[in-house]
Amino acid sequence: MKKELFDFLNTDLQFIKGVGPVLAARFDDVLGGRRVLDFLLHIPSYIRARGITEDISSAEPGEMVTIPLLVKSHKSGGVFRGHRRPTQIVCADKVGNSVTIQFFNINFLDYWLKKLPIGQWRMISGKLERGSRPTINHPDFIEDLNNADKIPAIQAIYPAGEGLTQKTFANVRDQIFNILSEKIIGEEDLNVCEFFDALRHVHYPESAEDLSAGSVYVVKLAYWELLAHQTAIAISRRNRKDIRNRRIVRPKKYDFLNKFYSVLPFSMTGAQQHTINEIFEDMDRDIPMMRLVQGDVGSGKTIVALAAAVKMAESGAQTALLAPTDTLAQQHYIKIKQLCDKIGIICDVLTGRDKGLGRREKLISLRSGRTKIIVGTHALFSEDVDYKDLGLVIVDEQHRFGVSQREALRSKGKNPDLLSLSATPIPRTLSMTIYGDMDVSIINEKPAGRLPIKTTKLPIGRINELVSRLRLQVDAGAKVFWVCPLVEETEASDLTAVQSRYDDLKKFFSSVGLVHGQMDKKQRDKVMAEFADDDSDMKILVATTVIEVGIDVPRATIIVIENAERFGLAALHQLRGRVGRGNLQSYCILIYGNNITEEGLKRLDVLTQTDDGFAIAEQDLMMRGTGELLGTRQSGWINYHFVDYSRHRDLFKLAASAARDILDVDDWTRDLMFIFDRGVWINA
């Protein structure tokens with residue numbers, strides 16, 4: 001791939017015409033990056049057809065219509081007796097049927113009236129609503145009849161975020177592909193041309209089939225993505241066994257493990273002890289450990305990881321435990337420090353919040369080797385953080401960190417051991433190809449005393465009855481999670497919005513918290529911490545899936561999940577794992593909508609029948625189809641851009657086979673590792 005093309009793919013989106021730094025920051029929130037490449041890998045989720053009609057009476061409510069309308073009159077909106085009235089534009093179609101166009105944002109009143117002058121024909125495209133008369137609220141497109149071709153017959157709809165419209169996505173997409181067409185001219189590598197041709201087809205789909213997992217273009221992209229990943233695994237495996245990467249096995253200096261076991265307030269399960277034995281065997285070898293510990297929610301992965309850290313401290317070396325959020329890092333630290341204090345190991349926490357003198361003191365303690373266990377976030381591999389002897393890196397919720405981030409932390413030591421933890425069980429049929437560079441341990445037992453979570457499903461029509469029952473539970477001291485799938489209600493969706501549910505519940509409960517991904521991070525963490533505090537008055541936390549990982553509230557015994565049919569099984573199981581973390585009986589209520597499908601009911605039935613995470617993951621893989629709003633994301637698994645775990649299982653084997661015996665990486669495979677950002681492409 002030519003350097004000029006590489007440079008363009010790395011270009012910050014703010015330099016694309018019409019974007020700028022503000023929109024680029026919003027793209028960063030949605031894409032997980034702000035490069036042109038990040039945009040290209042963010043493909044549309046579905047298409048919206050906009051067929052032209054001339055008779056509004058032939059259209060159905062909820063249908064997208066594109067229709068020429070004659071503007072007849074304007075009726076300005078405003079506030080009347082405390083109620084906001086919309087601006088209404090009364091129009092007529094070509095056969096004389098009346099159609100009303102409504103705008104609710106009075107700040108842009110003059111703009112809309114100029115766009116729709118009385119006596120003029122305009123081509124209007126939007127969602128048709130039927131009340132007393134046909135209505136289109138906030139049309140997506142308004143064009144002169146001469147410019148009607150500006151309204152796409154088929155519109156690609158991108159997963160978006162606050163402040164990003166579909167028009168913005170389309171404008172950025174068009175500019176990027178226009179520039180790409182020039183950059184690829186003269187490109188000799190046919191693979192490069194074929195890759196960008198496949199990308200063009202999924203960004204400009206001609207039918208819903210072009211975006212399906214079985215599309216020839218999506219399959220190509222999925223295979224290339226897997227090949228990049230599997231090649232990175234092959235390189236990692238080869239480098240790990242290279243004699244130059246061997247390390248000296250550290251001798252034992254202290255006796256901490258016996259003290260550790262003696263102060264534990266519980267006994268290890270058989271699965272925990274078996275996993276610890278596997279870890280200790282790895283740590284006694286001269287080949288650095290690369291082990292993944294898979295465990296169901298509440299199975300006790302953290303205490304297993306702590307045992308490894310204590311063993312490392314026996315040799316005088318240090319351990320860094322990397323957590324994805326400040327909240328989770330603080331929770332780990334509080335629990336770990338209590339045990340470390342009893343056995344004489346210095347433990348500390350380091351996050352982005354640490355500033356000034358306090359941060360400097362922590363860095364000095366790390367540099368001197370006094371601190372043996374450090375818990376933290378990305379701050380652990382900041383440039384100014386030095387370790388005296390980093391022997392073990394523990395990565396919690398490992399799917400949330402890329403290879404490059406893990407390697408950045410490992411580079412702080414000399415070939416340290418790596419122990420990754422995953423709270424989402426992955427079917428055994430896939431774990432070895434997804435994590436082919438790691439040895440895998442499985443903890444499939446729950447600690448003694450944990451009661452199975454009682455899970456029931458409930459139609460949305462009984463929600464008032466549920467609220468009444470919750471009042472009794474809350475009065476008795478229970479804490480409740482209430483999960484909704486959207487932040488704000490939109491006309492395009494009937495899903496419950498978290499803000500709307502929060503407003504409703506405040507009418508019944510005295511103290512209700514609200515957290516979602518669009519909140520300021522510090523404010524979100526503050527609300528979560530208040531809910532987790534046993535002495536807090538906050539008894540109900542309304543949230544999106546941001547609470548899926550990283551909050552441990554033993555007193556929370558009830559979780560309500562609205563529109564549960566729209567989530568994948570693995571995501572539901574993860575959410576359910578927010579309760580049942582103490583010795584009290586816990587409950588999960590799955591609320592489903594009126595339009596639930598037979599497939600959706602089957603998924604909910606699986607949750608009510610079992611709490612075995614591995615069985616649920618296997619069922620999820622077999623049952624999950626395409627087209628579900630939230631069902632295509634595999635919670636806790638690698639978040640591929642093009643790979644569908646349920647539809648592309650054979651591609652895993654093909655890609656693994658192609659990469660297994662790799663010795664020299666060709667230019668195209670190296671390009672793929674760059675494109676899919678697997679972090680090790682530089683060293684390939």
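## A tour from an enclosed helix to an open sheet

Select residues 667-675 to start: this is helix α22, and seven of its nine residues are buried, so the helix is largely enclosed by the rest of the structure. Keep in mind as you look around that this is a predicted model.

Which residues of α22 are buried? Colour W668, T669, D671, L672, M673, F674 and I675, and you have them. Now bring up what covers them: the cover includes α1 (3-9), α3 (36-40), α6 (190-203) and α7 (216-241).

**Next stop: a threonine in α7**

Stay with α7, one of the helices that cover α22, and click on T231, which is found in this helix. Is T231 buried or exposed? Its relative accessibility is 0%, and buried means under 20%, so T231 counts as buried. Show its side chain and look for L227: the T231 side chain reaches the backbone oxygen of L227 at 2.7 Å. Here's a handy rule for looking along helices: an α-helix has 3.6 residues a turn, so residues three or four places apart point the same way.

**Over to the sheet**

Now switch to a cartoon view and find the open sheet of seven strands, with parallel pairing. Walk across it in this order: β13-β14-β12-β15-β16-β11-β17. Which strands stand at the edges? Select 347-350 for β13 and 439-443 for β17; each has a single partner strand, so one side of each is left without a neighbour in the sheet. Tilt the view and follow the twist, which averages 20 degrees from one strand to the next.

Zoom in on the β13 edge. Its partner here is β14 (residues 373-376); the two run parallel and are joined by four bridges. To pick out one of the pairs, select C347 and its bridge partner in β14, I373. In general, strands of a sheet pair through backbone hydrogen bonds, either parallel or antiparallel.

Then add helix α9 by selecting residues 270-283, and you'll see it pack on the sheet. It touches β11 (290-295), β16 (417-422) and β17, and its direction makes about 160 degrees with that of β17.

**Zoom out**

Finish with the whole chain, which has 22 helices and 23 strands. Of its 684 residues, 54% are buried. Switch on the surface: the accessible area comes to about 30700 Å², and 49% of that belongs to carbon and sulfur atoms. As for contacts with a separation of 6 or more, 71% are accounted for by residues 24 or more positions apart.

Definitions and conventions. Residues are numbered from 1 along each chain as its sequence is written. This is a predicted model: local features need pLDDT of at least 70, side-chain atom pairs count only at pLDDT 80 or more; totals for chains, interfaces and linings use all residues. Side-chain values use heavy atoms; hydrogens and water are left out. Two strands pair if DSSP finds at least two bridges between them. Axes are lines fitted to C-alpha atoms, for helices over the stretch in contact, and angles run from 0 to 180 degrees between N-to-C directions. Contact means heavy atoms within 4.5 Å. Buried means under 20% relative accessible area, exposed over 50%, partly exposed in between (1.4 Å probe, protein chains only). Accessible areas come from the Shrake-Rupley method with a 1.4 Å probe; for residues, only the protein chains shown count as cover. A polar contact is a pair of N or O atoms within 3.5 Å; within protein, one must be able to donate a hydrogen and the other to accept it, and residues adjacent in sequence count only if both atoms are side-chain atoms.
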